[in-house]
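Hi,

Here is the structure I promised to pass on, with my notes underneath. Have it open while you read.

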Amino acid sequence: MDFMGLMILKDSEQKLKDRFGDRLISNQSLAKLNTFGTGGPARLFYEARTIDELASMVKAVREIEIPAFLLGGGSNLLVSDDGFDGLVIKNSIKGIELNGNEITCGAGEDLQSIIDFATENSQSGLEFATGIYGTVGGAIFGNAGAYGTETAGVLKSAQLIDKQGDIRTEENLYFKFDYRNSILKTTGEIVATAKFALEMGNKEKIKSECERIKAERDAKLPANAHTAGCFFKNIPDKAEKYGKMSAGKLLDEIGAKEISYGGASVFAKHANILLNEGTASSDDIRRLATMLKTKVKDKFGIELTEEITLLGKFVEESI
Ligand SMILES: Cc1cc2nc3c(=O)[nH]c(=O)nc-3n(C[C@H](O)[C@H](O)[C@H](O)COP(=O)(O)OP(=O)(O)OC[C@H]3O[C@@H](n4cnc5c(N)ncnc54)[C@H](O)[C@@H]3O)c2cc1C
């Protein structure tokens with residue numbers, strides 16, 4: 001950053017500190033807040049526990065003009081080793097409520113907590129998401145899904161905070177859900193709360209379906225590993241199962257499982273899952289991903305795109 005940029009950032013930082021006092025943390029490690037377990041600190045960090053707190057921070061960000069990023073569970077994220085030279089806002093809006101067959105919750109709730117709550121109350125529809133990490137907000141942002149079913153299929157509406165800090169409610173169609181995509185990726189709006197439309201079901205059946213999915217995932221995914229799940233998106237292809245060509249399959253064919261970089265490797269049972277073996281930096285993971293991408297491009301002419309979000313600065317490098 002140039003000298004002027006730094007002065008402006010320091011001035012913004014002071015203004016935010018004047019408004020938010022001790023709640024604003026400097027130099028917060030982000031490695032502990034993402035599932036890869038890598039990356040540097042956030043220059044500033046704020047945990048929003050209510051809609052009003054989140055909305056007033058968004059208003060302050062707009063007025064003060066400081067770079068900001070909204071963090072959920074950090075399970076679909078690779079943070080630069082240099083960290084993020086701005087403000088990270090952690091969404092910790094909690095609370096779960098049942099009304100008829102609708103569950104309303106804070107978007108900072110873990111998706112798994114909502115599934116557990118739904119199961120306890122014999123509400124069916126969320127079973128497919130068993131074992132998907134992260135928050136409800138993150139699941140809506142990326143239309144998280146598994147086994148051909150997605151968040152889009154059960155979300156009724158959500159309360160959003162726009163870039164001005166204004167709160168409004170939008171129904172499902174607004175989100176223009178697509179494969180691992182929603183309108184939020186272009187509008188920059190934040191999900192504050194969500195409402196899911198479910199169906200009354202049989203508690204034991206729901207439970208056993210969740211257990212079946214969990215067992216299936218446990219057999220395929222590394223237990224307690226430092227990963228963000230699938231690194232790359234599958235490729236749209238109507239001829240394939242679920243309308244997608246598996247990125248993992250292409251990665252298998254270039255021998256991805258034999259490739260590693262520094263402390264980063266590819267999971268032996270799934271070529272689209274990159275792992276921090278314990279000593280990896282984010283740069284190692286990024287470089288490994290770039291190597292894989294290049295090999296897939298060379299062999300198949302297909303450009304893989306990241307499913308995960310990158311936060312902070314990375315050197316764009318083809319290896
Ligand atoms: C072992 C493992 C398995 C996984 N399996 C799957 C799977 O089967 N299917 C699948 O879809 N994903 C899977 N994932 C990826 C991940 O769980 C999902 O993408 C999840 O929905 C991310 O949510 P998060 O809260 O952790 O988001 P984060 O990682 O915190 O953020 C990701 C992006 O979402 C944005 N975001 C977060 N919260 C909000 C909000 N409230 N409003 C607006 N934007 C927001 C962030 O700004 C960021 O751009 C897996 C991850 C792991 C670690």
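To start in the middle of things: how many bridges join strand 11 to strand 13? There are six, and the two strands run antiparallel. Before I go on, please keep in mind that this is a predicted model.

**The five-stranded sheet**

Those two strands belong to an open sheet of five strands, ordered 6-7-13-11-12 and paired antiparallel. At the edges you'll find strand 6 (96–99) and strand 12 (167–171); each has a single partner strand, so one side of each is left without a neighbour in the sheet. From one strand to the next, the twist averages 20 degrees.

Strand 13 is a good one to click through. On one side, strand 7 (residues 102–106) pairs with strand 13 (residues 190–197) in the antiparallel sense, over five bridges. If you want to see individual pairs, Glu102 has Ala197 of strand 13 as its bridge partner, and Cys105 has Ala194. From strand 11 (155–161), Gln159 stands opposite Thr193 in strand 13. Strand 13 is also mostly covered, with six of its eight residues buried.

Two helices pack on this sheet. Helix 2 touches strand 11, strand 12 and strand 13, and its direction makes about 140 degrees with that of strand 13. Helix 3 (residues 111–120) touches strand 6 and strand 7, with its direction at about 150 degrees to that of strand 7.

**Domains**

The chain splits into domain 1 (3–91), domain 2 (96–219) and domain 3 (223–311). The centres of domain 1 and domain 2, taken over C-alpha atoms, are 25 Å apart. Where they meet, 14 residues of domain 1 are in contact with 18 residues of domain 2. Which element gives the largest share of the side of domain 1 that touches domain 2? That would be helix 2 (residues 51–64), with seven residues. Sorted by class, that side of domain 1 has five nonpolar, seven polar and two charged residues.

**The core**

The largest nonpolar core has 83 residues. Those with the most contacts inside it are Leu54, Leu87, Ile89, Ile140, Val191, Ala194 and Leu274. Ala194 you have already met as the bridge partner of Cys105. As for Leu54, leaving out residues up to four places away in sequence, it touches Ala48, Ile89, Asn91, Ile93, Ile161, Ile190 and Ala192. As a general point, nonpolar side chains tend to be buried together in soluble globular proteins.

**The four-stranded sheet**

There is another open sheet, this one of four strands, with the order 1-2-5-3 and mixed pairing. Its edges are strand 1 (25–29) and strand 3 (68–71), each with a single partner strand, so one side of each is left without a neighbour in the sheet. Direction ignored, neighbouring strands here are turned by 45 degrees against each other on average. Strand 1 and strand 2 (residues 41–48) run antiparallel and are joined by four bridges; Ile25 has Phe45 of strand 2 as its bridge partner.

**A few single residues**

Leu275 sits in strand 19 (residues 274–276). Is Leu275 buried or exposed? Leu275 counts as buried, because it has 22 C-beta neighbours inside 10 Å and the cut-off for buried is 20 or more. Setting aside neighbours within four places in sequence, its contacts are Pro222, Ala225, His226, Thr227, Ala264, Ser265 and Phe267. Ala264 is eleven residues away from Leu275 along the chain, and their C-alpha atoms are separated by 5.6 Å.

Two more to look at for their backbone angles. Glu65, in the loop between helix 2 and strand 3, has a positive phi of about 60 degrees although it is not a glycine. Asn143 is another residue other than glycine with a positive phi, near 45 degrees; you'll find Asn143 in the loop between helix 4 (136–141) and strand 9 (145–146). How do their surroundings look? Glu65 is exposed, since it has 11 other C-beta atoms within 10 Å, whereas Asn143 is buried, with 21 of them.

Have a look around and send me your questions.

Cheers

Methods
Residues numbered from 1 in each chain as written. Predicted model: local features only at pLDDT ≥ 70, side-chain atom pairs only at ≥ 80, totals over all residues. Domains from an automatic or database assignment. Contact = placed C-beta atoms within 7 Å. Nonpolar A, V, L, I, M, F, W, Y, C, P; charged D, E, K, R; others polar. Core = buried A, V, L, I, M, F, W, Y, C linked by C-beta atoms within 7 Å. Buried ≥ 20, exposed ≤ 12 C-beta atoms within 10 Å, placed from the backbone. Pairing = 2+ DSSP bridges. Axes fitted to C-alpha atoms, helices over the stretch in contact; angles between N-to-C directions.
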